[in-house]
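I opened the notebook to record what I looked up in this model, going from a single residue outward to the chain as a whole.

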Amino acid sequence: MPTEEIRVRGTVQGVGFRPTVYRLAKACGLGGDVCNDGQGVLIRVSGSEEAITKFVARLQTECPPLARINELTRISYKSELQFDNFVISTSVSNAIKTEITPDAATCRQCQKEIFDPFSRFYRYPFTNCTHCGPRLSIIRAIPYDRCNTSMSAFAICPECAKEYHDVENRRFHAQPVACHACGPSAWLERADGKSVTASMFSMLDDVDAVCTLLQKGEIVAIKGLGGIHLACDATQETVVQKLHQRKRRYHKPFALMVRDIEIIEQYCTVNAKEKELLASSAAPIVLLQATGKKVVAPSIAVGQNTLGFMLPYTPLHHLILRRMNRPIVLTSGNLADEPQCIDNDEARDKLETIADYFLFHNREIINRVDDSVVRVIGDKVQIIRRARGYAPAAISLPLGFHNISQILAMGSELKNTFCLLREGEAILSQHLGDLENAAAFNAYQENLNLYLNFFEHQPEVIAIDKHPEYLSSKLGKEFADTNQIKIYPVQHHHAHIAACMVENGIPLDAPPVLGIALDGLGYGDDNTLWGGEFLLADYRKFQRLATFKPVAMIGGEQAIYQPWRNTYAQLISANLWDDCQHQYADLEIVKFLKNKPLKLLNQLMEKKINSPLASSVGRLFDAVAAAIGIYRDECSYEGQAAIAMEAIVDVSSLNNDEETLIYPFKFSFLDSIYCIDPCPMWQALLNDLQQQIPEPIIAAKFHKGLANAIVEMVKHLYQENLISQVTLTGGVFQNCILLQQVTKGLETLGIKVLTHSLVPANDGGLSLGQAVIAGAQLIHES
């Protein structure tokens with residue numbers, strides 16, 4: 001009788017894959033066994049050739065909801081083994097080549113059970129099955145078995161054990177399976193240490209009491225899936241302001257959670273793609289256009305026309321929101337810029353001055369996982385922050401990378417992720433934050449060690465950013481020195497472009513693309529700061545074809561948080577400051593700048609003291625925003641002024657192609673390459689300010705003018721170089737209007753445009769680009 005060994009690799013552990021194999025094998029009349037191991041799932045089957053072929057076909061078409069088969073191989077062999085039945089065997093520990101499944105939002109069946117008074121899971125906040133529940137957040141090691149998770153602390157009860165071993169039950173081999181009798185429990189505490197019981201509120205239980213507390217205007221810290229959140233009623237301005245102040249997060253918008261999509265539709269427009277994302281197993285925060293029909297508290301998202309909504313993704317959240325007919329704030333439980341708290345004692349210590357109450361539970365969070373953030377532009381999903389629900393699902397590498405050595409890429413300084421490259425796939429970590437914060441840097445190192453241990457990853461090469469002061473780069477150098485392995489410094493914008501190429505499937509040996517990388521700044525090959533680059537690039541090398549005119553960042557990092565500094569530097573660069581003091585002396589921006597220590601600023605620029613030149617398009621946005629009065633004096637986070645300016649754009653002006661509604665830019669040369677110079681744009685903008693043209697129209701003219709300049713530059717480069725594809729990358733291309741305007745202009749020229757959808761366009765995707773560039777160079781050298 002024919003016997004085959006079937007090897008399945010991909011997302012196949014912790015998703016009900018073995019139970020599916022079992023049921024299909026039985027249905028096809030096959031004998032054999034199935035087990036988890038370090039490479040994925042190993043199946044041995046005996047039966048007729050027709051039955052085995054049918055089994056394999058059904059396995060691929062009837063894959064469980066959370067599973068993903070990356071590779072399936074079949075080997076026929078003669079075996080003396082006699083399989084009388086088909087069984088699920090004990091997991092095998094060997095070399096780790098499988099994936100870790102992302103945490104998954106509560107499935108429909110589990111939702112139904114927690115609200116069914118006749119179910120034994122009624123109101124149980126940790127209900128899960130093979131189709132949903134915790135994965136990455138609770139895992140300590142591979143293979144994904146209960147003993148390797150934080151659920152090992154809970155002995156399974158007879159009822160749960162019965163379901164766990166019942167092949168017809170969807171909890172068959174669901175590792176976190178638990179119930180009221182044997183699983184984790186949740187309880188409510190007061191931040192002041194006084195005792196609290198649900199009876200104080202006449203509620204069903206402590207979880208239900210949280211809803212009443214939120215309705216009363218209290219701030220509650222809620223321990224969820226991958227971290228602790230701070231929650232309050234999003235319609236009460238007083239408590240929202242209180243949360244801003246206590247958290248020291250004064251301007252960044254808060255994420256919102258609601259019971260269902262119907263409530264979201266009272267506040268925002270939601271299209272079919274956005275509904276699909278909200279209801280998906282990833283359940284990310286989705287940025288949606290606010291309608292103004294109903295409004296949340298004004299300080300939820302100051303200066304923005306979008307709101308970030310998500311749906312409940314755990315039974316705990318579903319139960320809290322059962323009686324809540326309006327949005328709640330659900331933001332990370334931390335002080336500004338610090339990592340999210342995940343431990344009960346840590347939360348009591350760090351959040352006692354922020355939260356009024358704590359809702360804790362006793363299931364340990366092993367791995368911190370923030371909420372993911374996405375946006376739909378046109379019909380395409382753009383991931384802004386890749387974390388819960390997406391990470392650490394592997395990203396398949398293009399043709400040419402499949403026999404690559406193990407590589408570790410350390411990522412960026414801001415919005416950090418790291419990346420492991422192995423055997424044709426990239427494993428990108430969840431979003432880890434800004435490493436300039438000491439606690440975030442420590443968490444970064446902890447996560448890096450966890451991943452290296454999870455996957456038994458022993459890198460032969462380390463890839464780092466070229467910036468000499470990035471903490472991730474310094475750590476990478478230490479790692480390389482300690483382990484005596486090769487290190488590859490990778491230019492920042494080349495990495496952005498390579499990341500976009502990877503997710504669009506560009507093969508290793510494909511012709512170069514024209515990469516347009518626009519961001520805040522990155523360290524250039526000439527030891528200056530870049531941020532508006534046109535690079536002819538493949539995975540191995542690049543040629544800088546064009547840039548934006550470099551302008552001084554007066555005060556260095558201060559220019560990121562004080563936009564007026566960029567305005568003044570741009571006016572000096574355009575030789576317009578003398579005109580400002582005479583022809584435009586009555587303008588608010590000119591009066592504002594005259595009150596600044598201009599003599600000192602001029603000396604800093606002339607002597608090149610802490611005023612590096614940067615071709616940054618991010619700083620150009622800041623300069624224009626400050627000129628028209630948006631966050632002119634100070635910002636609390638990078639890009640705040642640019643985001644606010646995008647929000648006020650007069651949309652009706654965007655479809656008008658009149659020359660008067662497009663600001664002009666000019667082309668010049670800088671060190672033998674093309675350069676986009678905004679000088680004429682500034683002259684036109686000052687004239688508009690003098691004529692009191694409304695800010696929304698000025699903002700629209702800037703966006704259109706910038707997009708037009710980018711498209712015109714591509715025209716020039718397209719004629720001089722063999723270019724068939726253009727990639728748009730970097731944090732500035734998270735601007736919806738700019739991305740759409742540039743894409744439209746390029747596609748009109750017949751140019752194929754590649755953008756991001758799997759990893760962020762910002763620095764959150766940088767490590768993927770670093771890894772493949774190092775891999776390509778390694779292949780080239782071998």
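Entry on Val296. I began with this residue in the predicted model, and I found Val296 in the loop that lies between β10 (285–289) and β11 (306–310). Is Val296 buried or exposed? The relative accessible area of Val296 is 11%, and since residues under 20% count as buried, I entered Val296 as buried. I then listed what Val296 touches, leaving aside residues up to four places away in sequence, and the contacts are Ala234, Leu256, Tyr267, Leu307 and Pro327. I also checked Val296 against Phe358, which is 62 residues away along the chain, and noted a C-alpha separation of 24 Å.

Entry on helix α5. I turned next to α5, which spans residues 206–215, and noted that this helix is mostly covered, with nine of its 10 residues buried. The buried residues of α5 are Asp206, Val207, Asp208, Ala209, Val210, Cys211, Thr212, Leu213 and Leu214. What covers the buried residues of α5? I found that the cover includes the strands β6 (186–190), β7 (220–223), β8 (228–233), β12 (328–332) and β13 (357–361), together with the helix α9 (315–320).

Entry on a six-stranded sheet. I traced an open sheet whose strands follow the order β16-β19-β18-β17-β20-β21, and its pairing is mixed. The edges are held by β16 (395–396) and β21 (486–490), and because each of these has a single partner strand, one side of each is left without a neighbour in the sheet. Within the sheet I looked at β17 (residues 407–409) and β20 (residues 461–465), which run parallel and are joined by three bridges. One bridge I noted by residue pairs Ile407 with Val461 of β20.

Entry on the whole chain. I counted 25 helices and 30 strands. The radius of gyration is 28 Å, close to the 28 Å that the globule rule gives for 782 residues, so I wrote the chain down as being as compact as a globular protein of that length. Along the principal axes, the C-alpha atoms fill a box of roughly 95 × 70 × 50 Å. Buried residues make up 62% of the 782 residues, and the accessible surface comes to about 30000 Å², with 49% of that surface belonging to carbon and sulfur atoms. Among contacts between residues at least 6 apart in sequence, 73% join residues at least 24 apart. My last note was on charge: the chain has 74 positive and 87 negative charges, and their mean positions lie 3 Å apart.

Note on methods
Residues numbered from 1 in each chain as written. Predicted model: local features only at pLDDT ≥ 70, side-chain atom pairs only at ≥ 80, totals over all residues. Heavy atoms only, no water. Pairing = 2+ DSSP bridges. Helix = DSSP H or I, 4+ residues; strand = E, 2+ residues; numbered from the N terminus. Rg over C-alpha atoms; globule rule 2.2 N^0.38 Å. Buried < 20%, exposed > 50% of the residue type's maximum accessible area, 1.4 Å probe, protein only. Contact = heavy atoms within 4.5 Å. Areas by Shrake-Rupley, 256 points an atom, 1.4 Å probe, with all protein chains shown as cover. Lys, Arg positive; Asp, Glu negative; His and termini not counted. Charge placed at Lys NZ, Arg CZ, Asp CG, Glu CD.
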